[in-house]
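Here are a few exercises to work through with the structure open. Try each task on your own before you read the solution below it.

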Amino acid sequence: MDLTIDVGKKNFVVCGPNGTGKSGVVDAIGFALSGDISRLSGKGQGAVSVKKHAPHVDYRNSPDEAVVVLEGTIAKTGEEFSITRTVGDSKNPVITPNTNTVNDTLGELGRHKNSTLSRRELIQYVLSTPGDRAAEIQALLQLNFLSDTRKNLQKISNTCARKFNLLKEERDSAGKNLASAAGIPLLKIQALLEEVNKRRSILELPKIVKLEANTSVKDGLTVVTEKTTKGVSKSIAQTDLETLDSDLSEFTSQATKDHTLTISDRLEALRKGGEFEEGVNKQSLLTLALDIFDEELCPVCETIWKPEEFTGLVQTKLNSLKDVLKEKGDIEKALEKVISPLPSLQVSVANIVKLGANLTPKCDTKELRKLAEQYSAAKKQINQFTSIDVLLSNLKSLHSTEKALDDELLLIRGAVTSLLDTSERDAARDYLVEVDVRLDAFREAMRNVKASELKAKTATTVFENFDKTYSHGLTKIYKDIQKVFAELYREINKEDEAGFEAELAIERSGVGLDVDFFGRGKFPPGAYHSEGHQDGMGLCLYLALMDHLYGDGFKFCVLDDVLMSVDSGHRRAVCAMLCKKFPNTQFLFTTHDEVWLKNMQSTGLVESGNQLHFRNWSVEGGPSEWIAEDIWVEIDELVVKNDIPGASAKLRHYFEYLSGELCHGLGAPVVFRGDSRYALGQLLPNATSQFAKLYRLGKVSAESWKDTELRDQLAATEQAFKELVNEQKLEEWGINATVHYNPWAALSKEDFNPIVKAFKNIDEAVRCEKCNGLLYLTPHFGPKEMLKCDCANVSVNLKKKP
Amino acid sequence: MDEEKIQLIGVTKDIVEKFLGALEDLGSPADQVKGLRKTLLKEGKNSEKALSNAIFPDE
């Protein structure tokens, strides 16, 4: 089956009872633009999918035959385009022409899927939690790109900072190693030079006055023997052993053990509760899930998600773990003190391992190497915070040393002691060679730190700048949006909420929305406002967001049955607001409500021909349409077919509606009916009488302002209108008689045409010639001020000169 | 999955432009600002790798 709809370039409405296929039109537009149908995908859709369930039920195994072709015009350039997409190959639409403008525009519409708004989505803006609202707003405004950019810049900055800290540790270790070999307690240039120059003096080498970046402390040594390069300097070996002894003694001291014990006790207590470890594991899993989420599939169960829904959900779960994260942060801080001596200890151990290998005969260093591995693993595992058991196991053994290690060190110490005392000259030469090696290593570490520091600073500057611009920008965006949102909402509720204000605030958990309630304070929208008002708020917030995002580029929008709970009084105002505030946007509406349709037409939002009316739907044929281009065309057609009862019924039905609209718009007094079932005779005379009365008031006003020309003009209009009303009253009997079969009232089309003409004249007289909208009175309550139309072509002052 | 390319518009684009302007005002290296402009605005990329390459073009 095929359905072709020409919506033209102006606002268009698809109307019909529930279940006649209106949403199918919206789905088709959404699918053509994005390859997706929101109600068949995403959260909560379970086994339903576009691929399987978008085609017609009888053709569900032929997805290639389910095709949508969307033709349109790029407003900016006037370029005409066509996009053809099949369900079978939904990711590869055929787009013509293949130009940058067309591809960019369609790509943008398809990616963000924000041109279509259903009632379900509309309510998410208003009644959702701050976190969900933030996710909706972020997605609509492309702010995800900014928040992701911020997140990634922060990651880069953190990575650089971590690398910088690591290199600083390496530099400090290299410095300590150099000081140890030089025999000075702290690495100070002056002290180093003094010790170096003592040895140089023994070797009759010139004194080094200043230590430059490339100064070699062994400069001038002409013979560096095999023994010197590979052998062992007894004095340096002894210093290295003393350094290790000192480091180990401090690391295994009672004070250090007590600190570690406090942490272990806390971890034991947390392990008993169970929740902490579960929270830490969840946090690791959720953080990893965010990192590896590919913008489509859940990394765990491979369910398809909308990116903003997935990240929003995971972030909400992470936020719920804030107590666990704080506890974890405190423990990590305490653990830092435990592991901070490890790099230096590792260097001290490595020096003795090297010493053992260089001694003759070699000394076994198995226990030392085991210790080095233990320190390395402990540092890694404590940093990773994998599990409480692993942490406790590391902490338990970290400060104790095996007897075997003591025995091993005893042997090495003995071997060093038994080394022959070298001559003073040899010792000086060995000293200079070793110090030079360690000085080079220290310089290399310094260079690395400097480069890393620059990099860390650069990354921090970039991140902080982005963060600042983003935060300021975000605050401004929300302020601008709340301003436009409140303006739009006031526009549709000016009679009862003219002082409405709203506050869209960035909160820790997302974006909060509080709205004014009749000057009693600001509250969440769901607190006091009716469902209809909340619908209005949702629409206004969506429009404010789109206005902010696209500005003049907001050219196309589908509103899918979005205002079903708004009462009829406010519907007119919604239509007027859309006409006034978004004159350059093409709206495509769907509604099941005929009154809505008439509201849209009577306010001039939708021209009478721009509609598609679905009557019913069948599984074989899909929606069946009834295009009522114009009520008067329809009536004329019925008259031509000699279906006078049909034409008469339509005319009466239309005038019941029109009279109601006029009574409402003109503030005509009507005898109240509890069931709101007014007959034509209970509305039309009241409406026409009020209309004439308002012209009279205008005439009196013009007289008071001495504007005789206007007075005469209004008098003529009033007179002409009265004549039309008299004519209509004369013909009214014809409608009443012909609606039902009456043998005595079998009128011919020639008889009925004057009746049609009389009523049509009234219809034309109560509208603006220019915008075709119905004239109405302002304000709706209180002293009458003006009779006008939406385009201001008609504006009759009703106030007398004071 | 290839990194998705986003064509920035409206407020999002404005914020990125302001950020780049602020970096220029701070005297950041021209090639760094140029790289970030190309990555964020022209290519519409913002992954950690793409940003890192733009910030440290010599690595």
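**Exercise 1.** In this predicted model, work out which way the side chains of strand E1 (residues 12-15) of chain A point, and whether they are buried or exposed.

*Solution.* Start with the general rule: side chains in a regular strand alternate between the two faces of the sheet. Now go along the strand. Phe12(A) and Val14(A) point one way, while Val13(A) and Cys15(A) point the other way. Then check burial, where the cut-off is 20 or more other C-beta atoms within 10 Å. All four named residues are buried.

**Exercise 2.** Find the strand that E1(A) is joined to, and say how the two run.

*Solution.* Look at residues 586-591 of chain A, which form strand E10. The link to E1(A) consists of 4 bridges, and the two strands run parallel. To get the register, take Val13(A): Phe589(A) in E10(A) stands opposite.

**Exercise 3.** Lay out the open sheet of 3 strands in chain A, and explain why one side of E2(A) and of E4(A) has no neighbour in the sheet.

*Solution.* First, the order is E2-E3-E4, with antiparallel pairing. Next, look at the edges: strand E2 (67-73) and strand E4 (94-96) of chain A each have a single partner strand, so each has one side left without a neighbour in the sheet. As for the twist, neighbouring strands here are turned by 10° against each other on average, direction ignored.

Zoom in on one pair: E2(A) and strand E3 (residues 80-86) of chain A run antiparallel and are joined by 7 bridges. Within that pair, Gly72(A) stands opposite Phe81(A) in E3(A). Finally, add the helix: H1 (residues 22-34) of chain A lies across E2 and E3, at about 80° to E2(A).

**Exercise 4.** Describe the secondary structure and burial of chain B.

*Solution.* Count the elements: 3 helices and 0 strands. Along the sequence that reads α-α-α. For burial, 34% of the 59 residues of chain B count as buried. Then take the contacts in chain B between residues at least 6 apart in sequence: 48% of them join residues at least 24 apart.

**Exercise 5.** Work out what each chain brings to the contact between A and B.

*Solution.* Chain A puts in 31 residues and chain B 23 residues. On the chain A side, the elements giving two or more residues are helices H3 (100-112), H6 (143-182), H18 (424-492) and H20 (531-550). H18(A) gives the most, with 11 residues. Sorted by type, the chain A side has 13 nonpolar, 11 polar and 7 charged residues.

Technical notes: Residues are numbered from 1 along each chain as its sequence is written. Chains are lettered from A and ligands numbered from 1 in the order in which they are written. This is a predicted model: local features need pLDDT of at least 70, side-chain atom pairs count only at pLDDT 80 or more; totals for chains, interfaces and linings use all residues. A residue is buried if 20 or more other C-beta atoms lie within 10 Å of its own, exposed if 12 or fewer, and partly exposed in between; C-beta atoms are placed from the backbone. Two residues are in contact if their C-beta atoms, placed from the backbone, lie within 7 Å. Two strands pair if DSSP finds at least two bridges between them. Axes are lines fitted to C-alpha atoms, for helices over the stretch in contact, and angles run from 0 to 180 degrees between N-to-C directions. Ala, Val, Leu, Ile, Met, Phe, Trp, Tyr, Cys and Pro count as nonpolar, Asp, Glu, Lys and Arg as charged, and the others, Gly among them, as polar.
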